[in-house]
Amino acid sequence: MIENTIPMTARAGAETEVRATFSDVLREQQGMVFSIALHFLRDCSAAEEVAQDVFLQLHRNFDQLETGARMTFWLRKVTANRAIDYIRKRKLRGTVALEDAPEPRSPAAQPDFLLSRRLRSLIATLPDQPRMVMVMRFQEELMPTEIAEILGMPVRTVKSHLQRSLAMLREKIERSMGDVH
Amino acid sequence: MDDLERHLKDALAREDAPAGFEARVMSAVNQAGESNRGGRPHLAARPRWQWIFAMAAAAVAMIGVGGEWEHHVAMERIRTAHLEVEQREAGEAAKAQLQVALRITSAKLEEIQQKIGEGSH
């Protein structure tokens with residue numbers, strides 16, 4: 001798991017530990033929150049809108065929330081829920097089944113960049129829940145148990161989403177780009 | 001972890017928030033904080049929707065007052081008309097009563113006149 005928990009206590013002097021302020025949390029966690037929304041929505045302005053809402057909600061509840069790892073958990077959970085709600089309300093994404101996604105073209109140059117772009121566009125074709133599972137697994141590098149807790153679903157469902165999504169991605173990529181193993 | 005999973009990590013690596021994001025959030029937070037505290041910002045600083053709301057409320061109030069005044073005037077007119085009708089009816093009734101009284105008096109005088117005529121014969 002990425003070391004991304006907020007050092008929610010900032011040292012003021014040698015002994016006194018001070019609770020992190022809202023602006024500390026915002027500064028340190030904006031990348032995480034924005035990236036979850038961006039990788040899920042694939043729309044920069046929509047991702048910013050969602051991220052801003054998340055931080056406004058954080059500000060409203062800041063005094064009631066525990067700092068540290070629990071706050072990171074809270075931010076991931078709220079961001080995931082907000083992003084899923086956003087897409088459901090706005091129908092931002094056209095529903096393209098992964099099987100129906102066009103085959104990628106063979107890249108002539110910068111294979112990693114093209115592969116990354118291709119992978120992101122294939123992930124975008126996944127349904128909401130498996131897509132968020134993939135974002136949590138590969139952006140946040142969370143374990144299935146952690147993802148299950150954040151998204152409020154059974155661990156076996158998370159594992160199933162991961163296996164099926166990976167199998168489908170592998171098939172699509174291998175068909176167009178050759179063996180990725 | 002296989003190559004695909006490594007590529008997925010690269011593809012979904014965290015990105016920086018857009019420039020100015022932090023400032024925009026802080027500005028939104030401050031604005032929300034001001035309205036939560038119930039503080040009344042300077043008139044010129046109020047957001048546009050507040051002006052629109054105030055103007056709409058004023059228009060509704062003016063329409064309401066205008067309507068009320070119109071209603072009051074109409075009711076006065078009706079009341080005056082009723083009064084006129086009542087006065088006219090009372091006058092007509094008095095006139096009719098007077099005519100009846102005159103008719104009775106005239107009949108009585110005629111009767112007396114006849115009796116006097118018969119007495120003199």
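This is a short talk on the predicted model of two chains, A and B.

Let me start with confidence. Chain A has a mean pLDDT of 82. In chain A, 75% of the residues reach 70 or more. Two stretches are a different matter. Residues 1-16 of chain A stay under 50 in pLDDT. The model still has 32 contacts beyond four places in sequence for residues 1-16. Residues 95-109 of chain A also stay under 50. For residues 95-109 the model has 19 contacts beyond four places in sequence. Where pLDDT is low, the predicted coordinates should not be read in detail. Please keep that in mind for both stretches.

Now the layout of chain A. How many helices and strands does chain A have? There are 7 helices and 2 strands. Along the sequence the pattern is β-β-α-α-α-α-α-α-α. Chain A has 181 residues, and 34% of them are buried. Next, contact range. Take the contacts in chain A with a separation of 6 or more. Of these, 63% are between residues 24 or more positions apart.

On to helix packing in chain A. I have three pairs.

First pair on my list: H2 and H3 of chain A. H2(A) covers residues 44-61, and H3(A) covers residues 69-90. Their axes are 10 Å apart, at an angle of about 135°. An angle of about 135° is over 115 but not over 145, so H2(A) and H3(A) count as oblique. The crossing is right-handed. Who makes the contact? From H2(A) we have A:Ala46, A:Val50, A:Asp53, A:Val54, A:Gln57 and A:Leu58. From H3(A) come A:Leu75, A:Val78, A:Thr79, A:Arg82, A:Ala83 and A:Tyr86. By class, that contact has 8 nonpolar, 2 polar and 2 charged residues.

Next pair: H1 and H5 of chain A. H1(A) is residues 22-41. H1(A) and H5(A) pack at about 140°, with axes 10 Å apart. They are therefore oblique to each other. This crossing is right-handed. On the H1(A) side, the contact uses A:Ile36, A:His39 and A:Phe40. On the H5(A) side, it uses A:Arg131, A:Met132 and A:Val135. The class split is 4 nonpolar, 1 polar and 1 charged.

Last pair: H5 and H6 of chain A. H5(A) spans residues 128-138, and H6(A) spans residues 144-151. The two axes come within 10 Å and cross at roughly 130°. H5(A) and H6(A) are therefore oblique too. H5(A) passes H6(A) in a right-handed crossing. H5(A) brings A:Met132, A:Val133, A:Met136 and A:Arg137 to the contact. H6(A) brings A:Ile147, A:Ile150 and A:Leu151. This contact has 6 nonpolar residues, no polar ones and 1 charged. Look at A:Met132 while you are there. A:Met132 takes part in the contact of H5(A) with H6(A), and it also takes part in the contact of H1(A) with H5(A).

Two backbone angles deserve a look. A:Arg42 has a phi near 55°, positive in a residue other than glycine. Where does A:Arg42 lie? A:Arg42 sits in the loop between H1 and H2 of chain A. Is A:Arg42 buried or exposed? It has 17 other C-beta atoms within 10 Å, and buried needs 20 or more while exposed needs 12 or fewer, so A:Arg42 is partly exposed.

The second is A:Glu141. Its phi is also near 55°, again a positive value in a residue other than glycine. A:Glu141 is in the loop between H5 and H6 of chain A. With 14 other C-beta atoms within 10 Å, A:Glu141 is partly exposed.

Now chain B. Chain B has 3 helices and 0 strands. The pattern reads α-α-α. Of its 121 residues, 6% count as buried.

Finally, the interface. How many residues of each chain are in contact? The counts are 22 residues of chain B and 31 of chain A. Two elements of chain B give two or more residues to this side: helix H1 (3-11) and helix H2 (21-36). H2(B) gives the most, with 8 residues. By class, the chain B side has 12 nonpolar, 1 polar and 9 charged residues.

That's the tour. Happy to take questions.

Conventions: Residues are numbered from 1 along each chain as its sequence is written. Chains are lettered from A and ligands numbered from 1 in the order in which they are written. This is a predicted model: local features need pLDDT of at least 70, side-chain atom pairs count only at pLDDT 80 or more; totals for chains, interfaces and linings use all residues. Helices (H or I, at least four residues) and strands (E, at least two) are DSSP runs, numbered from the N terminus. Two residues are in contact if their C-beta atoms, placed from the backbone, lie within 7 Å. Ala, Val, Leu, Ile, Met, Phe, Trp, Tyr, Cys and Pro count as nonpolar, Asp, Glu, Lys and Arg as charged, and the others, Gly among them, as polar. Axes are lines fitted to C-alpha atoms, for helices over the stretch in contact, and angles run from 0 to 180 degrees between N-to-C directions. Angles under 35 degrees count as roughly parallel, over 145 as roughly antiparallel, 65 to 115 as roughly perpendicular and the rest as oblique. A crossing is left-handed if the near helix is turned anticlockwise from the far one by less than a right angle, and right-handed if clockwise. pLDDT is the predictor's confidence in each residue, from 0 to 100.
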